[in-house]
Amino acid sequence: VSYTPHGESECIQDIAGVITSTELTSLKPHTEYTIRVRAKTEEFGEYSISITATTHMDVPVAVIADNITATSMTVSWQPPHNANGIISSYQVSYTPHGESECIQDIAGVITSTELTSLKPHT
């Protein structure tokens, strides 16, 4: 299996002949890869048609909760190291113990939010 990050050197991963799939690891976030496969008997044959796939954007980092009271807390974070362009929004997801998930949408220029109306001691 050959995979090449856009504009970089080719990487090759050898796979045993009976295996027809593989997981490519240690890929870079939000990077387009060109992927192709070829078989070997005594010699390598031609490569398959190339496909392209783009990895997902990196995740926000340094997520912390502070200013915690009985019914509220502030959650803050730093933007992903490798974003896919300008971040338009974030989603903060939290799940009160024994309840359904809550999701709060935050504008992309903001990197913190206050969660309020929380149940004490949960």
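Partly exposed here means a relative accessible area between the buried limit, under 20%, and the exposed limit, over 50%. With that in hand, let's work through the salt bridges of this predicted model.

**Exercise 1.** Classify E10 as buried, partly exposed or exposed, then do the same for its partner R36.

*Solution.* Start with E10, whose relative accessibility is 38%. That value lies between the two limits, so E10 counts as partly exposed. Next take R36: at 27% relative accessibility, R36 is partly exposed too. The two residues form a salt bridge, with 3.1 Å between the closest N and O atoms. R36 sits in strand β3 and E10 in the loop between β1 and β2, so their pairing ties together parts 26 residues apart in sequence.

**Exercise 2.** Decide whether the contact of K28 with E8 passes or fails the salt-bridge cut-off, and locate both residues.

*Solution.* The cut-off asks for a side-chain nitrogen within 4 Å of a carboxyl oxygen. For K28 and E8 the N to O distance is 2.8 Å, and the pair is a salt bridge. K28 belongs to the loop between β2 (11-12) and β3 (32-36), while E8 belongs to the loop between β1 (2-5) and β2, 20 residues away. As for accessibility, K28 has 38% and E8 has 41%; K28 is partly exposed, and E8 is partly exposed as well.

**Exercise 3.** Find the partner of E99 and state how many salt bridges the model has.

*Solution.* E99 pairs with K119, their closest N and O atoms being 2.4 Å apart. E99 lies in the loop between β7 (89-94) and β8 (102-107), and K119 in the segment after β9 (112-115). E99 is partly exposed at 37%. The count comes to three salt bridges.

Note on methods. Residues are numbered from 1 along each chain as its sequence is written. This is a predicted model: local features need pLDDT of at least 70, side-chain atom pairs count only at pLDDT 80 or more; totals for chains, interfaces and linings use all residues. Side-chain values use heavy atoms; hydrogens and water are left out. Helices (H or I, at least four residues) and strands (E, at least two) are DSSP runs, numbered from the N terminus. Buried means under 20% relative accessible area, exposed over 50%, partly exposed in between (1.4 Å probe, protein chains only).
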